[in-house]
Structure formats: C-alpha cells, structure tokens
Amino acid sequence: MEVDCEGVRRLLSKYKFRDLTVEELKNVSMSFPHFRYSVDTYVFKDTSQKDLLNFTGTIPVMYQGKTYNIPIRFWILDSHPFAPPICFLKPTANMEISVGKHVDAKGRIYLPYLQNWSHPKSAIVGLIKEMIAKFQEELPLYSIPSSDEAQQVDLLAYITKITEGVSDINSRSWTNHENKILNKITVVGSGDLGIACTLAISAKGIADKLLLLDLSDGTSQGTMDLDIFNLPNVEISKGGDLHSQLFGRF
C-alpha cells in the first residue's frame with residue numbers, strides 16, 4: 001500500500017500520536033506492500049463504537065510443505081503505538097476458523113507479542129513476523145468445499161451406495177454364466193446422476209446388459225452425452241411404457 005501521509009494524518013485527527021502511527025504504517029507498507037488501509041467503525045465488547053484505522057492483507061504461512069495466504073485485519077487504536085492493535089482473521093467465503101490457542105471462535109488473534117506489547121520495542125512488522133511463526137505451528141484456517149464440490153461428493157457417495165447394493169451379483173455372476181442366465185440391470189434416471197450410476201455399474205462388470213431408462217422430458221442433455229462412451233452392452237431407452245421397459249422381453 002502507498003501511504004498518503006497527509007491524507008492519513010487528516011483521517012487520524014483524533015489519534016493522540018498520529019505522527020507515530022503514520023510512521024508505523026509506512027514501515028508496514030515497506031514490508032507488506034499489498035496491505036490496504038481504511039478508517040471504519042469498530043464495535044467493542046461493551047457495544048461502544050469508534051472510528052479506527054485498520055488495514056487488511058494476507059500473510060504467507062508455510063504449513064506442512066505448502067504456503068497458505070492467511071487473510072488478516074489489524075485495528076489500530078487511537079492510543080497507538082502505546083496500545084497494541086486488535087487483530088482478527090478475515091476468512092473468505094470458502095474458509096472456516098480453526099479455533100486454537102492463538103485464535104478464538106470469532107477469529108480474534110491472541111499472541112504473546114500482543115500481551116507483551118511495549119513501545120518502542122514493539123511494532124506491527126514484528127507482530128506479523130510472530131504471527132507467521134505461530135500459524136506455521138497451528139494453521140488458523142481451513143478450506144471448505146464449494147457448493148459444486150459438495151454436490152460432487154454427495155453424488156459419489158450416492159453412487160457408491162447404489163453400486164454396493166448390486167455388488168453381490170459378482171458372487172453369482174460366474175454361476176449365472178455357467179447356467180446361461182443373462183444378468184440385466186436397469187437404471188431409471190437421467191442427466192448427470194443417470195450417467196454416473198450407469199458408468200459406475202458398467203465399470204464393475206456385473207451385468208450382461210445394462211439399460212438406462214431415461215424418463216426425462218427430452219430437455220436433459222446429460223443422458224444423450226452417454227453415447228460418446230460407446231459402452232458395450234449398454235442401451236439407452238427414451239421414455240415409452242415404463243412397465244414394458246422394465247418387465248418386457250430381454
């Protein structure tokens with residue numbers, strides 16, 4: 001961030017030591033140029049409010065061989081630098097807070113550096129360095145799957161249950177072949193779920209013939225896409241009489 005010193009001084013008109021605060025911001029900008037600052041309203045635990053300088057950005061944290069960019073937010077009190085900043089995680093929509101010894105359920109950050117804050121020995125750049133070191137021991141955030149990813153997980157779990165339900169056919173398959181009994185499985189469905197179930201059952205090799213009975217109104221493109229796989233012993237049937245499709249001749 002580029003610090004507009006005069007502009008910041010005007011924003012910090014109620015700060016007791018605004019020149020020291022501006023110098024602190026300049027130091028942060030040199031070490032972490034991607035940070036952004038603004039003045040917003042902070043609500044304290046007693047519900048009192050105050051307009052405070054704050055800045056946000058990400059800090060690089062190496063954890064188990066991978067680098068994570070942890071989003072954080074610092075609120076700078078009007079008595080800075082003689083009082084420590086208030087620090088929070090700032091998780092995105094696909095992140096959850098991992099409560100630990102340095103982070104509470106609301107994302108507030110607690111560190112020895114904050115507890116032992118003492119000007120001029122303490123500075124925000126030093127605070128960030130300790131934050132990185134502590135988060136490398138215990139990552140404060142974890143990612144959650146997006147809605148699409150969650151749907152895929154649910155779909156795979158559903159398919160697994162379906163295929164487990166017919167997997168016992170494997171134990172009878174060789175007997176059936178010896179006795180010349182053809183084994184037929186019918187999947188009733190359409191779209192991505194119909195395709196996924198059909199592919200999963202076909203991959204197990206548990207059916208001599210597999211029928212995908214598509215009862216959609218013809219607007220679903222997914223079932224027709226199954227044609228590109230050119231699977232042996234797989235037939236797609238569109239609509240028609242359900243009883244004859246299920247119980248008619250093989």
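A residue is taken as buried if its relative accessible area is under 20%. In the predicted model considered here, Tyr42 is buried, and Trp75 is likewise buried. These two residues serve as the point of entry to the strands and aromatic contacts described below.

Tyr42 belongs to strand 1, whereas Trp75 belongs to strand 3 (residues 66–76), so their pairing ties together parts of the chain that are 33 residues apart in sequence. The ring centres of Tyr42 and Trp75 are separated by 5.1 Å and the ring planes meet at 55 degrees; the pair is therefore classed as tilted, given that planes under 30 degrees apart count as stacked and those over 60 as edge-to-face. The structure holds 9 aromatic pairs. In addition, one aromatic cluster is formed by Phe32, Phe35, Phe55 and Phe74.

The strands that carry Tyr42 and Trp75 are part of an open sheet of 4 strands, arranged in the order 1-2-3-4 with antiparallel pairing. The edges of this sheet are occupied by strand 1 and strand 4 (86–89); each has a single partner strand, so one side of each is left without a neighbour in the sheet. From one strand to the next, the twist averages 35 degrees.

Strand 1 (residues 36–43) and strand 2 (residues 49–63) run antiparallel and are joined by 8 bridges. Within this pairing, Ser38 has Asn54 of strand 2 as its bridge partner. The two strands form a hairpin in which 5 residues lie between them, and Thr47, located in the turn, adopts a positive phi of about 75 degrees. On the other side of the order 1-2-3-4, strand 2 pairs with strand 3 over 11 bridges, again in the antiparallel sense. Here Phe55 stands opposite Phe74 of strand 3; both residues are members of the aromatic cluster that also includes Phe32 and Phe35.

Internal empty space was examined as well. The structure holds 1 cavity of 30 Å³ or more, and the largest cavity has a volume of about 40 Å³. Its lining is made up of Ser98, Gly100, Lys101, His102, Val103, Lys134, Phe135, Glu138, Leu139 and Pro140. Classified by residue type, the lining of the largest cavity comprises 4 nonpolar, 3 polar and 3 charged residues.

How values were computed:
Residues numbered from 1 in each chain as written. Predicted model: local features only at pLDDT ≥ 70, side-chain atom pairs only at ≥ 80, totals over all residues. Heavy atoms only, no water. Pairing = 2+ DSSP bridges. 1 Å grid on protein atoms, 1.4 Å probe; cavity = no way out; pocket = protein on both sides within 12 Å on 5 of 7 lines; lining within 4 Å. Points joined across faces, edges and corners; volume = space filled by probe spheres on them. Nonpolar A, V, L, I, M, F, W, Y, C, P; charged D, E, K, R; others polar. Phe/Tyr/Trp six-rings, centres within 6.5 Å; stacked < 30°, edge-to-face > 60°. Buried < 20%, exposed > 50% of the residue type's maximum accessible area, 1.4 Å probe, protein only. Axes fitted to C-alpha atoms, helices over the stretch in contact; angles between N-to-C directions.
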